[in-house]
Amino acid sequence: MGSVWENLVVDSADPARLARWWAEALGYQIVAELPDEVEIRRTPDTLPGLVFVPVPEGKETKNRLHIDLRPTDQEAEVERLVNMGARHVDVGQSPDDTWTVLADPEGNEFCVLAQRG
């Protein structure tokens, strides 16, 4: 018997704000908003979702788990995300890497991959 991947939970100082940022970044929608969590999904019935929950402490170290995005135009997507409030970060990547590492408005790292070749 296996399991179904329901959600990835993201600790956040401001769950509603960060959920809205990621919903815009991914083209997702908010499917549930409670005082202690906000969930976004591509569609209400599409799994997995991202659930943003409040935590009192800020992010202190590199993520142990991160999201990879693969757009059709890497350069344009990086520019769009930076214009939305993401920022470039250095987590030790090589100049030869084909991905760009960004951080969301709360500092959570994610990668924007190059197009498949």
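Let's start with the second largest pocket, where strand E4, residues 49–54, and strand E5, residues 67–69, each supply at least two residues of the lining. Keep in mind that this is a predicted model. The volume of this second largest pocket comes out at about 230 Å³. If you want to find it on the screen, look for Trp5, Leu8, Leu26, Tyr28, Arg42, Pro48, Gly49, Leu50, His66, Ile67 and Leu69, which line it. By class, that lining divides into 8 nonpolar, 2 polar and 1 charged.

Now, the largest pocket. Its volume is about 530 Å³, and 24 residues line it. Which residues lie nearest its centre? Those are Val10, Asp11, Lys59, Asn63 and Asn108. Strand E1, residues 7–12, and strand E8, residues 109–112, each supply at least two lining residues here, and E1 gives the most, with 5 residues. As for the chemistry, this lining has 10 nonpolar, 5 polar and 9 charged residues.

Since E8 has come up, let's stay with it. Glu109 and Cys111 point one way from the strand, while Phe110 and Val112 point the other way. Buried or exposed, those four? All are buried. And the neighbours of E8? E5 pairs with E8 in the parallel sense, over 3 bridges, and there Leu69 stands opposite Val112. You may remember Leu69 from the lining of the second largest pocket. Strand E7, residues 100–103, runs antiparallel to E8, joined by 4 bridges, with Val101 opposite Cys111. The hairpin of E7 and E8 has 5 residues between the strands, and in it Gly107 takes a positive phi near 95°.

Last stop, helix H1, residues 15–26. Here is a nice little check: at 1.5 Å a residue, its 12 residues should span 16 Å, and the end C-alpha atoms are 16 Å apart, so the two agree. Which residues of H1 are buried? They are Pro15, Leu18, Ala19, Trp21, Trp22, Ala23, Ala25 and Leu26. If you look at the spacing in that list, remember that an α-helix has 3.6 residues a turn, so residues three or four places apart point the same way. The buried residues of H1 pack against E1, strand E3 (37–41), E4, E5, helix H2 (74–84) and E8. Leu26, one of those buried residues, is also in the lining of the second largest pocket. Just after H1, Gly27 takes a positive phi of about 75°.

That's my tour, thanks for listening!

Methods
Residues are numbered from 1 along each chain as its sequence is written. This is a predicted model: local features need pLDDT of at least 70, side-chain atom pairs count only at pLDDT 80 or more; totals for chains, interfaces and linings use all residues. Side-chain values use heavy atoms; hydrogens and water are left out. On a 1 Å grid over the protein atoms alone, a cavity is a set of points where a 1.4 Å probe fits but cannot get out, and a pocket is an open set with protein on both sides within 12 Å along at least five of seven lines; lining residues have an atom within 4 Å of a point. Grid points are joined across faces, edges and corners, and a volume is the space filled by probe spheres set on the points. Ala, Val, Leu, Ile, Met, Phe, Trp, Tyr, Cys and Pro count as nonpolar, Asp, Glu, Lys and Arg as charged, and the others, Gly among them, as polar. Buried means under 20% relative accessible area, exposed over 50%, partly exposed in between (1.4 Å probe, protein chains only). Two strands pair if DSSP finds at least two bridges between them. The expected span of a helix is 1.5 Å times one less than its number of residues. Contact means heavy atoms within 4.5 Å.
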